[in-house]
Structure formats: structure tokens, C-alpha cells
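Subject: The structure we talked about

Hi,

Here is the structure I promised to pass on. Please open it alongside this message, and my notes follow below.

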Amino acid sequence: MVVSSHRREPGRAQDRARLSTVTALDAVSIITAKRDGGELSDAQIDWVIDGFTRGAVADEQMSALAMAIVWRGMTRRETARWTAAMIASGRRMDLTGLPRPTVDKHSTGGVGDKITLPLAPLVAACGAAVPQLSGRGLGHTGGTLDKLESIPGWQADVPAARMRELLADPGIGAVICAAGADLAPADRRLYALRDVTGTVESIPLIASSIMSKKIAEGTAALLLDVKVGSGAFLKTMEGARELATAMVELGADAGVRTVALLTAMDTPLGRTAGNALEVAESVEVLAGGGPADVVELTIALAREMVALAGLNTDPADALADGRAMDHWRAMVRAQGGDPDAKLPIAKHTETVRADADGVLTRLDAMGVGIAAWRLGAGRARQGDPVQFGAGVEMHAKPGDAVTAGQPLLTLHTDTPEAFPGAIAALRDAVTIGTGAAPAPDSLVLDRILS
């Protein structure tokens, strides 16, 4: 459940007066004000974020405030100020003066969501600079850095000066790397606290967490890919639209041109979920092949990013003529990787077969994601290792005709004792029906802009 950002309003005029903005600058007064439905002042927000970053506001106090925000929400002004205070807790990157316009993309995460890998070099091939600060996976959705670290030699850490050089290079133009520890450090501390105190599900806190890092990175324009469906963090259109709107508003308030697309995540993207498996599939897309849904979404997002950057070119052309592949290879090499190296392969495989003739009508993204996670492709806690070769390979997608005994899924892992748990996760994830194949749905469900 994601709690709405709307506050519970007091019922009487005297209550509204009593709960109006207060100005006391101490942790208990700020917690109490938000607990009772009050609107925090700019000074209070600045004070509490700065104090928390310095250690003057204790973890238990910030936990109490986060819980109050979960239940009472924040106004647009409060959320914007909260985001600005988190940005101010660290360094803000300066990407002005680059010879090409900057544009970035953020995805809220999904199963098989390898889109960043072909997307960044594709948009760079169209003339933009793409400063893609990414993260590692936690749980069933995987992480962009984990995928790229399966490439031998590839390095996630890129110093700021080197990042500018790569973005300015007309043959590269894109960097996918880890955010520095000095980028919105307040958010880093708060996110870890929210994760263990049951305070993740708050639209203002989610929106400010994402946007504080993206705004601090210094990009002039931003595309948000907000996933919605069983395999996404947000399961409903209502919740996804609310988060997308909040983030677009934060971008607009900070002077960053921002557009959000709501995209479907009931079925995994592409035919792989894992790390090295998804890198191989991304290279197929850059080579002019790959699954139709990955190609469709990559081009759709690229067109939005190119438009945000003010460029007049069709990314489909840059994908078809090989320019995107050239930028991919240059980008990987620039970060120490070998684009020609063999990717890790899991030591063990297990096949899941169709139990009847018919049409595959459902392949649940959450079930596939949990299976990949249990096989070793993901992690339960920050810092846990991942198996680069682990994951799930899908041989059929919804709409495909299947026959009894036909391979549906191949499971990959270095730890064969993980197979029973992965198969259990898939038990209710596959539905085979009869009749005509269902018509494919559009991956882009809605578009939000300020």
C-alpha cells in the first residue's frame, strides 16, 4: 500500500488554526507538528535535514518524523523544500558548459528492465549527453550497476571530472555509473532508515528521494519511467500516477524539464531476468534484434529524451544504422570494460515445461522476479553479492501458442539447491489457456507533464 500525499484535514475551524504551521526549531516540536497534521515551515525542514545529516537529530527522531509523514503527508511546498534540503546536504554537480544538451532517465524498477543499457548509448548517438547515475538492485527488480558489472573489467565508479570528459566526447556521450557518496547524503541516510522502520510507502518521501539525487546530478532534463503492475513497486495506476505527478512537479519546481511515462510491468520485459542474461539481450537490441517489447520501449523512451533535449532526430534511425552500438562499445571501454569479452554463465540450469497445449495467457512479473532473486540474481540486503550468471530465461511470452512439454522457462544458477524455491515462485506465475491469443497491450499507459 502506498499512502497518499494528502493530509488528513481537521474538521473544525479552531482545529485548523491550532494545526497551522509552527516555527519551533527542535526535533520534538517538528515531529509533534507533523504528527498533528501541521505544515512544516521551510526553516523547520532545513533544520531537521541538516541536523539529521550531521547526527544532531537522532535516528529514532527521524524515524518518528518519517512515520508522521507517512500518515499525514506533505504539501507540494513541503515536498519541494524537503527535496531541496536533501540536495543541499551534499554536492550538486555542475554539467553546464558541455557541448551537447544533458538529459537523463530514471526507472522505478521492474522485472527484466534492462532498458537503460541500450537507451543511454542510443540517446547519446542522437546528440545528447546522458549522465545516468544508477544503483544496485535490492529484492526482485535487479539493478543497472549489477548488470553492467557482469562485463569483465567494467567499473561503476567514475570521478566527476572524468564523467564530464566522457559526456563531452562525441564518440561516447553517455556514462552509467554509481552516485558519489557526497550526492544528497541526507537521502542515503534516510533511505536506509526508512527501509528498516516501515516508512518506505509515502509518495512525498519516495518522490523526494528519487528527485533529490536526479536534480543534484545536474541534468537539464529528465524522463521518468514509472512502472505499474504486479512486478513493480506501484501496483495500481492511481498510485503510479500520483508518484509520477509529484516527481514531475518537483522537477518543474527545480527548473529541470521533466516528463513521466507510466509503463506496464505485469509481464517481464524481454525474455531474460538476471544480470549477464540481460546484458546479452541488450546487446542484441543494439545489434538490430532483440525482443519486440524491449525495442518498442527503448525507442519510445529515447524519443521522449531526444525531444526533452531539444534535438530533432529519430532514435530509430540511430538504432538501425549501428550508431547506438558504436556508442555502447565506446561507453563500456571508457569505463574499463571489454565489450567483446564473454559474459558469465551459470553452472547449472533447470527447465520448466508447459503442462498442457494452449496459449500462454499470463506470465506474472513478480513470480519471475522472485524466482530470479532466489536463483542469486538479486540480493536481500545491501552489500550482499549477486551471481552474475543467475536468472530466468523466458522461451514464451503471453500470446504465444505452446504445446505440452515445451520449454517455457530456463532457470540459471551456480547454486542448484536454489531451484526448488525458484520453481515454487513460478508455480502460480504461469497460466495456459485456450482460444485465440490475446492482443498485445501498449507498454506506455500514460504520460504526465507539468
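Let me start with helix α10 (residues 203–216), which lies across β1, β4 and β5 (257–264) and runs at about 160 degrees to β1. Before going further, please keep in mind that this is a predicted model.

The strands under α10 belong to an open sheet of 4 strands, ordered β1-β4-β5-β13, with mixed pairing. At its edges are β1 (104–107) and β13 (444–449), each of which pairs on one side only. On average, neighbouring strands in this sheet are turned by 20 degrees against each other, direction ignored. If you want a place to look at the pairing itself, β1 and strand β4 (residues 221–228) run parallel and are joined by 4 bridges. There, H106 stands opposite L224 in β4.

A second helix to look at on this sheet is α11, which lies across β4, β5 and β13 and runs at about 165 degrees to β5. Helix α11 (residues 237–253) also packs with helix α5 (residues 76–88): their axes come within 10 Å and cross at roughly 65 degrees. The crossing of α5 past α11 is right-handed. On the α5 side the contact involves R76, T79, A80 and T83, which meet E249, L250 and D253 in α11. Sorted by class, the residues of this contact are 2 nonpolar, 2 polar and 3 charged.

There is another sheet further along the chain. It is open too, with 3 strands in the order β10-β8-β12 and antiparallel pairing. The edge positions belong to β10 (401–402) and β12 (430–433); each has a single partner strand, so one side of each is left without a neighbour in the sheet. Strand β8 (residues 358–363) and β12 run antiparallel and are joined by 4 bridges. To find this pairing on screen, try L360, whose bridge partner in β12 is I432.

Two more helix pairs may interest you. Helix α6 (residues 116–125) and helix α15 (residues 323–334) have axes that come within 8 Å and cross at roughly 110 degrees. That angle makes α6 roughly perpendicular to α15. Here, too, the helix passes its partner in a right-handed crossing, α6 over against α15. The contact is formed by L117, P121, L122, A124 and A125 from α6, together with R323, A324, H327, W328 and M331 from α15. These residues divide into 8 nonpolar, 1 polar and 1 charged.

The other pair is helix α3 (residues 42–54) with helix α9 (residues 185–195), whose axes come within 9 Å and cross at roughly 80 degrees. α3 and α9 are therefore roughly perpendicular to each other. From α3, the residues I49, F52 and T53 meet A186, R189, L190 and L193 of α9. The classes in this contact are 5 nonpolar, 1 polar and 1 charged.

Finally, a word on confidence. The average pLDDT of the chain is 91, and 93% of the residues score at least 70. Over residues 1–21, however, the pLDDT is below 50, and this stretch has 38 contacts in the model beyond near neighbours in sequence. Where pLDDT is low, the predicted coordinates should not be read in detail.

Happy to go through any of this with you.

Best wishes

Note on methods:
Residues are numbered from 1 along each chain as its sequence is written. This is a predicted model: local features need pLDDT of at least 70, side-chain atom pairs count only at pLDDT 80 or more; totals for chains, interfaces and linings use all residues. Side-chain values use heavy atoms; hydrogens and water are left out. Axes are lines fitted to C-alpha atoms, for helices over the stretch in contact, and angles run from 0 to 180 degrees between N-to-C directions. Helices (H or I, at least four residues) and strands (E, at least two) are DSSP runs, numbered from the N terminus. Angles under 35 degrees count as roughly parallel, over 145 as roughly antiparallel, 65 to 115 as roughly perpendicular and the rest as oblique. A crossing is left-handed if the near helix is turned anticlockwise from the far one by less than a right angle, and right-handed if clockwise. Contact means heavy atoms within 4.5 Å. Ala, Val, Leu, Ile, Met, Phe, Trp, Tyr, Cys and Pro count as nonpolar, Asp, Glu, Lys and Arg as charged, and the others, Gly among them, as polar. Two strands pair if DSSP finds at least two bridges between them. pLDDT is the predictor's confidence in each residue, from 0 to 100.
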